[in-house]
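Hi,

Here is the structure I said I would pass on. Have a look, and my notes follow below.

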Amino acid sequence: MKRIIKKVAVLGSGVMGSRIACHFAGIGVQVLLLDMVPKDLNDAEKAKGQNLEQKSVRNRIVNEALAAAVKSNPSPLYTKDALKKISVGNFTDNMKDISSCDWVMEVVVERLDIKQQIFAQVEDFRKPGTLVTSNTSGIPIHLMANGRSDDFKKHFCGTHFFNPPRYLRLLEIIPTPFTDPEVVSFLMNYGDLYLGKTTVLCKDTPAFIANRIGVYGIMAIFGLVEKLGLNIDEVDSLTGPLIGRPKSATFRTADVVGIDTLVKVAKGVYDNCENDEARQTFVIPAWLEKMVTNNWLGDKTGQGFFKKTKGKGGEKEILTLNLHTMEYGPRTRPKFATVETAKLVDDLKTRLKALCQGTDKAGEFFRQFHYGLFSYISHRIPEISDEIYRVDDAMMAGFGWEIGAFESWDALGVESSVKKMKEAGFKVAPWVDEMLQSGAKTFFKVENAKRLYYDVSTKSYKEIPGADTFIVMKNFENQTVWKNSACRLYNLGDDVLGLEWNTKMGSIGGEVLEAIQKSISIAEEKYRGLVIANEGQNFSAGANVGMIFMLAIEQEYDELDMAIRMFQNTMMRARYSAVPVVVAPHALALGGACELSLHSDKVCAAAETYIGLVELGVGLIPGGGGTKEFTLRAADEMHEDEPETITLKNRFLTIATAKVATSGFEAYELGILRKGHDEIVINQGRRILEAKRSVIEMFDSGYTTPVQRKDVKVLGRSALGALYSGIHAMWRANYATDHDVVVAKKLAYVMCGGDLTEPSLVSEQYLLDLEREAFLSLCGEKKTLERIQSVLKGGKPVRN
């Protein structure tokens, strides 16, 4: 059966329901969002003389919930325009409207009886064959389908999103024994391809996969706090980015999720998993029970493990809870010898080894935590999943781990760590011993650029299903064509090359520019084209401002001029190569990374790409061709039926205000991505494969080298005066500092083509020369250097 999802009904508009609705709307699906009818008028409605029969009153709950979601930060919408795809209503008046929906999703309160009541109503109005799913985080899926028709049961399963749905990539699919396998297959594919999720097939067990493992990890850490005498600040310093976990680490994560939610899941596992060998780990400590009693539930109640207050001078201060006295005090900055040594190691897997070898309290914590985690995940196979890769996928996508639990075990060495675990009193599941005895020493391995996992049931390695829809650059290390200390160029197959670099924040310096030029040259010799991408946390935060600062502070202007020329030449090399060059950015793609994207033949951007020309923030203008390219695009967008300065002004303001698109879709609106040409890939993991396909398509369609432009229309003095006037108005209104004015005027000068007496046609090189001259002059400004220095110290640019 071919399914097309045109319209989705979301039943329940709470925090999850409203944001799930926004995510569906963001990908272009029509959404019907429903919730309860209020039982009573509120004060505002009474004051207006309204009654309970009026539509605005009957839809108050859903309207207020949706409005709150839209105002939340970060936004649940890719663009504000997507909100138009959501219509609202209530269960009483509008449940009948689900008959027009292709998928009905329940997201109401976590009570089985209420969910069953909702599903009874759904049964009355859904058309046969309509998908029905529940977003429950823990109620057994099969119980919700009791009493429903065979057609309902056949099309029913669990679809567990993680909050916030737009940003957390996990979608757990939990079928019942009655669910049609076609439905499961469809949802696994739809979640991946259209919703951009890592879809993980789960068994209908308490807390499914991610919460079962994740909450175990948190509760185990709570136990180590007491056992090792650690405090909250110490634990969060040990369990964040240092070990490849989010900045929120452990206790901050609990505050964000909600301590009551954490306790509820932990109690659910304790009550329903009598055979769990680590069941006692889920017993709630007395201090945690007290926090729930005190209503210290985290962010939702204003205090939890942390509490925001105003310190001296009215400045915001964050206090930390002392678990012994149950009083709040100033945060501390813990220091451990093990951490100080290991944090110098960039590679996460190597760093984990160093941390677990520490001889201080931190080292003991890392050993105890990882040994407990490894023991626990080994015993969950096959209880919660038959395949180990699903566990790792769930933890990376749902809890933001850089590498999964089994991959972490691989990093520490399975055989050696099992020996140490047993010596320390930790047991592993029998299948792990059997695996090692068979000669298999790792849970994952790469062969022929394919990632394989150890399959417990067959006791052999298998290729991860669906892997052919993704390209993982590191899997091609054996296909390295060229490299330098920062970059690697791979043969991705089908005569397509792939370039990635591994620098701090993906910064673009001399070695990266060299690699781009070299990669294009190699591709032109004997390949179809080049993909530029990586799998770091960010694509690139831009040019290496540290290098710029060093050259500027030492007044090495000839070398600085040479560096800027090299950057410009590299961007133009990408634009005017003899083969297609496709860039596949994700997450941060700022400054120079944005300029690279602007000069590529095509961009295949992840939906979660935050891209923009941000140089004005540090007192510079885009100097790698970004200013030139925006001027060129403004010229091409000029229409006879509107003032020529309009498009130029819009492009100017985008750079002058250092606007960053908050999604790939918003990058269309800012003119960074080109509608109908550049592509947005909802699932970040698919973008590199899509980029490769684009290279092949362009090459096979007869790609020819573009010709450098010499017909770029610039407006000269006529537009320059208008832009100067606008800059002055911003300064008078205190929206711009004196130095902002200096920088903005330089930008305006370049984008107008200089002080020309009349509109003229100029070449790209003419604009690049103006751009470079302006950039160099700003590097000599004291205020610019102060801003760059502020950024290098880890702060925001100073407003000077």
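**A helix over a sheet, and a helix pair**

Helix H29 (residues 687–700) lies across five strands: S17, S18, S19 (581–583), S21 (602–606) and S23. Relative to S21, H29 runs at about 165 degrees. Keep in mind that this is a predicted model.

Now the sheet itself. What is the strand order, and is the sheet open or closed? It's open, with seven strands arranged S15-S16-S17-S18-S19-S21-S23, and the pairing is mixed. At the edges sit S15 (480–483) and S23 (679–681), each of which pairs on one side only. On average, neighbouring strands in this sheet are turned by 20 degrees against each other, direction ignored.

One pairing to pull up in your viewer: S17 (residues 496–501) goes with S18 (residues 529–532) in the parallel sense, over four bridges. Leu 499 has Ile 532 in S18 as its bridge partner.

Then there's the helix pair. H27 (residues 644–656) packs with H31 (residues 738–751) at an angle of about 145 degrees, and their axes are 11 Å apart. Left- or right-handed crossing? For H27 and H31, right-handed.

Which residues make that contact? From H27 you have Leu 648, Arg 651, Phe 652, Ile 655 and Ala 656, and they meet Ala 744, Leu 747, Ala 748 and Met 751 of H31. Sorted by class, the H27 contact with H31 comes to eight nonpolar residues, one charged and no polar ones.

Cheers

Technical notes: Residues are numbered from 1 along each chain as its sequence is written. This is a predicted model: local features need pLDDT of at least 70, side-chain atom pairs count only at pLDDT 80 or more; totals for chains, interfaces and linings use all residues. Side-chain values use heavy atoms; hydrogens and water are left out. Axes are lines fitted to C-alpha atoms, for helices over the stretch in contact, and angles run from 0 to 180 degrees between N-to-C directions. Helices (H or I, at least four residues) and strands (E, at least two) are DSSP runs, numbered from the N terminus. A crossing is left-handed if the near helix is turned anticlockwise from the far one by less than a right angle, and right-handed if clockwise. Contact means heavy atoms within 4.5 Å. Ala, Val, Leu, Ile, Met, Phe, Trp, Tyr, Cys and Pro count as nonpolar, Asp, Glu, Lys and Arg as charged, and the others, Gly among them, as polar. Two strands pair if DSSP finds at least two bridges between them.
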